[in-house]
Amino acid sequence: MTLSLSDIKRVAKLARIEINEMEAQQNLAQLSGIFNLIEQMQAVDTRGIQPMSHSRDMVQRLREDEITESDQHTLFQSIAPQVEDGYYLVPKVIE
């Protein structure tokens, strides 16, 4: 993809970003470099290569799913401002 200086200025205008001529030239060079890199990567033949979910082939260590804390439901509700039938009552915010 080829970008022009007018493309950079148009995008800056659409984004409501004020850039001067020198900044536009710098952005053009940087974006052109990025697009060239993307073209190089797209040119690589990846048929037969299985996609990876992560760059390192690792398995996440998981802990056992066990209860480690006791039920403190009654304690927490005893200090709540308003409780009814096991539910916390809060002020109505949407009418």
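**Close-up views of the predicted model**

**View 1. The salt bridge of aspartate 45.** Aspartate 45 is partly exposed, with a relative accessibility of 48%. The structure shown is a predicted model. The side chain of aspartate 45 meets that of arginine 47 in a salt bridge, with a distance of 2.9 Å from N to O. Arginine 47 is exposed, its relative accessible area being 71%. Side chains of opposite charge can pair when their charged atoms come close. Two salt bridges are found in a search of the whole structure, and the pair formed by lysine 9 and glutamate 21 is shown in View 2.

**View 2. A salt bridge links helix 1 and helix 2.** Lysine 9 and glutamate 21 form a salt bridge in which the closest N and O atoms are 2.8 Å apart. Lysine 9 belongs to helix 1 (residues 5–14) and glutamate 21 to helix 2 (residues 21–43), so that the pair, 12 residues apart, links distant parts of the chain. Both ends of this salt bridge are partly exposed: glutamate 21 has a relative accessibility of 41%, and lysine 9 has a relative accessible area of 38%.

**View 3. Asparagine 20 caps the N-terminal end of helix 2.** A side-chain oxygen of asparagine 20 lies 3.1 Å from the backbone nitrogen of methionine 22. Helix 2 comprises 23 residues, and from its first C-alpha to its last it reaches 33 Å. This span is close to the 33 Å expected at 1.5 Å a residue.

**View 4. Two residues other than glycine have a positive phi, arginine 16 and aspartate 85.** Most residues other than glycine have a negative phi. In arginine 16, by contrast, phi is near 60°. Arginine 16 is placed in the loop between helix 1 and helix 2, and with a relative accessible area of 74% this residue is exposed. For aspartate 85, phi is near 55°. Aspartate 85 is found in the loop between strand 1 (83–84) and strand 2. At 70% relative accessibility, aspartate 85 also counts as exposed.

**View 5. Glutamine 77 is a buried residue of helix 3.** Helix 3 spans residues 73–78. The relative accessible area of glutamine 77 is 12%, which means that this residue counts as buried, the limit being under 20%. A polar atom of the glutamine 77 side chain lies 2.7 Å from the backbone oxygen of glycine 86. With neighbours within four places in sequence left aside, the residues in contact with glutamine 77 are Val83, Gly86, Tyr87 and Tyr88.

**View 6. A nonpolar patch on the surface includes tyrosine 88.** The patch is formed by Leu75, Phe76, Ile79, Val83, Tyr88 and Val90. Together these residues have about 620 Å² of accessible area. Tyrosine 88 is part of strand 2 (residues 87–88) and, at 44% relative accessibility, is partly exposed. Val83 and Tyr88 of this patch are also among the contacts of glutamine 77 in View 5.

**View 7. Alanine 80 is a buried residue in a loop.** The loop that holds alanine 80 runs between helix 3 and strand 1. The relative accessibility of alanine 80 is 19%, and the residue therefore counts as buried, for which the value must be under 20%. Between the C-alpha atoms of alanine 80 and glutamate 23, the separation is 58 Å. Along the chain, alanine 80 and glutamate 23 are 57 residues apart.

Conventions
Residues numbered from 1 in each chain as written. Predicted model: local features only at pLDDT ≥ 70, side-chain atom pairs only at ≥ 80, totals over all residues. Heavy atoms only, no water. Salt bridge = Lys/Arg side-chain N within 4 Å of Asp/Glu carboxyl O. Helix = DSSP H or I, 4+ residues; strand = E, 2+ residues; numbered from the N terminus. Buried < 20%, exposed > 50% of the residue type's maximum accessible area, 1.4 Å probe, protein only. Patch = residues over 30% accessible without salt bridge, like charges linked within 9 Å, V, L, I, M, F, W, Y side chains within 5 Å. Areas by Shrake-Rupley, 256 points an atom, 1.4 Å probe, with all protein chains shown as cover. Polar contact = N/O pair within 3.5 Å; in protein donor to acceptor, adjacent residues only side chain to side chain. Contact = heavy atoms within 4.5 Å. Expected span 1.5 Å × (residues − 1).
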